[in-house]
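Open the model in your viewer and keep the sequence panel beside it. The tour below goes from one selection to the next and says what is there.

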Amino acid sequence: KKKSFIDCINYLNEKKTKISVIEQDVDRLPDDIYDLVNGHLIVEINMNFNRLQTIHGLDKFYKLKTLILDNNQILSLNAFPILPSLKTLWLNNNNIKSIDSLLRVLADCPSFQYLSLMNNPIRPDDADEIDSQNYRYYIIHHLPSLRILDAQNVSKKEKRACASFMHHHPNLSPKECENGCGKFLFGISQHHHEAFCRNAQLPCLMQDYGCDFLGTLNERQSHKSTCRFWALEDVFSKMTTRINALQREIIDLKNQQSFTTIPFSYDIPLLHRDNSSTVQCILPSLERFRLQFSLPLRYQSRRWKNVFRTSHDGYTIKSLVSLAKDISPTLLLVCTTDGERFGAFCTAPWELQNDFFGTGETFVFTFSPHLEIFKWSSKSNQSFQLCTHRELAVGGGDKGFALWLNDSLSFGRSQSSTTFQNKMLTTKEQFSIFAVELWS
């Protein structure tokens, strides 16, 4: 026989203000719950680990401050009531796919400050930093009084970033993944989500070594243990052989006093010298090799080809953009007249726009004096790439640009940027440019 709701109560404090009904298989709240538990006194309700699918019957609980509904089966929040004293709401580990109606209700709760929606389909995976940050912006925008979201503080800096983001994305709304994985996208493209989608059919990461496997995330994880191309001795043997070959080629070239293109399996000229100058530009082979393995994993084994170089295509942003149209990702490499080398890895195609664009995989790097990489943090702004008729820049903010080049690609500067929290990429803030190259 099914127990009555009163019999399911695990805990009721002496003042009868806090009630717990935990692990009792309750699938719905009784219509007369307010009278059963003296609702006019209740300030906290904990119904963790039950089978609730909807929420109703709480509209009279005008003193309720804390509502914990973790580990249930809640699908819809359309009937969620306005609770004038509500301060904390936990809905972790449910099956929530829509929060718009909930946000509208919570916006009318003047005391509301704490919300947790972890492990619900509506919440992006933490691995996808861009979509996770956009999800936070979306909720913070609708609940400006929020102090903690999903166990993370909502800082003043994040609120300012949220205001800027929503100003440029006023019509943002979550869209369900086209592959049916159950996840929702907050302003990112379906293509960006493919890398995190458990239903997406993607190739093995060792495809450039000859593997022709194609499958979902779970299938790829199982395949990895049987993929002969993942054998460490095979991969490291190829790396060691290639490094030794490159070192021999460098020694031979130095002996010949000739600095022409070094052959390389990725079709990149790694070392170049202009006949009229003693300054080496772009990247020597070992620096190129180190940078290769600092890229996102799916790009590390790709073949890179030259798209633009100033010595051949001219010193103008217009020329760079015309040759790089619809091409991504790209490596932007800069060499100064002092011989300093640095640049940026950019995931969005270069095009003329009046505002910043790009994704959180963008990063800047320098080889002055050794390789240092500065990546984006989800707590920073999203000023990744900027390209106009007058300037080209990567990373921005109140402090300045991480990398800025003028329209004639002859002069530039590097500063500490808010986007990457980087140091200057060069020893001097302002520099003269010897060469600029773009690879894809």
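A residue counts as buried here when its relative accessible area is under 20%. The model is predicted, and that cut-off is applied to it throughout this tour.

**The whole chain**

Start with everything selected. The protein chain has 440 residues, of which 48% count as buried. Its secondary structure consists of 10 helices and 24 strands. The chain exposes about 21,900 Å², with carbon and sulfur atoms supplying 49% of that area. Take the contacts between residues at least 6 apart in sequence: 51% of them join residues at least 24 apart.

**Helix α3**

Select residues 129-142, which make up helix α3. From first C-alpha to last, these 14 residues reach 20 Å, close to the 20 Å expected at 1.5 Å a residue. Is α3 largely enclosed or not, and how many of its residues are buried? Of its 14 residues, 11 are buried, so the helix is largely enclosed by the rest of the structure. The buried stretch includes polar side chains to colour separately, among them Asp 131, Gln 133, Asn 134 and Arg 136. Tyr 135, Tyr 137 and Tyr 138 are also buried, as are Ile 130, Ile 139 and Ile 140.

**The largest nonpolar core**

Keep α3 on screen and add Phe 80, Leu 89, Leu 91, Leu 106, Leu 115 and Ile 139. In the largest nonpolar core, which has 52 residues, these six touch the most other members. Helices α1 (33-36), α2 (100-106), α3 and α4 (156-168) each give two or more residues to this core. The largest share, five residues, comes from α3.

Now centre on Leu 91. Leaving aside neighbours within four places in sequence, its contacts include Ile 55, Leu 69, Ile 74, Leu 77, Leu 102 and Met 118. Asp 70, Ser 116 and Asn 120 are in contact with Leu 91 as well. Another core lies apart from this one; it has 32 residues, among them Phe 342, Phe 384, Leu 405 and Leu 425.

**Strand β22 and its partners**

Leu 405 leads to the next selection, strand β22 (residues 403-406). Both faces of β22 are covered: Leu 403 and Leu 405 are buried on one side, Trp 404 and Asn 406 on the other. In a regular strand, side chains alternate between the two faces of the sheet.

Add β21 (residues 391-394), which runs antiparallel to β22 and is joined to it by four bridges. Ala 393 stands opposite Trp 404 in this pair. Then add β23 (residues 411-413), antiparallel to β22 over two bridges. Here Leu 405 has Gly 412 as its bridge partner. β22 and β23 form a hairpin with four residues between them, and in the turn Leu 409 has a positive phi of about 50°.

**The open sheet**

Move to the eight strands β1 to β8, which form an open sheet in that order with mixed pairing. β1 (11-12) and β8 (152-153) are the edge strands, each pairing on one side only. β1 is joined to β2 (residues 18-20) by two bridges, and the two run antiparallel. Look there for Leu 12, which stands opposite Ile 19.

**The cysteines**

Finish with Cys 227, Cys 211 and Cys 335. How many disulfides does the structure hold? There are zero. The closest cysteine sulfur to that of Cys 227 belongs to Cys 211 and is 3.9 Å away, too far for a bond; a disulfide needs the two sulfur atoms within 2.5 Å. Cys 227 is buried at 7% relative accessible area, and Cys 335 is buried at 0%.

Key
Residues are numbered from 1 along each chain as its sequence is written. This is a predicted model: local features need pLDDT of at least 70, side-chain atom pairs count only at pLDDT 80 or more; totals for chains, interfaces and linings use all residues. Side-chain values use heavy atoms; hydrogens and water are left out. The expected span of a helix is 1.5 Å times one less than its number of residues. Buried means under 20% relative accessible area, exposed over 50%, partly exposed in between (1.4 Å probe, protein chains only). Contact means heavy atoms within 4.5 Å. Accessible areas come from the Shrake-Rupley method with a 1.4 Å probe; for residues, only the protein chains shown count as cover. Two strands pair if DSSP finds at least two bridges between them. A nonpolar core is a set of buried Ala, Val, Leu, Ile, Met, Phe, Trp, Tyr and Cys residues joined through side-chain atoms within 4.5 Å.
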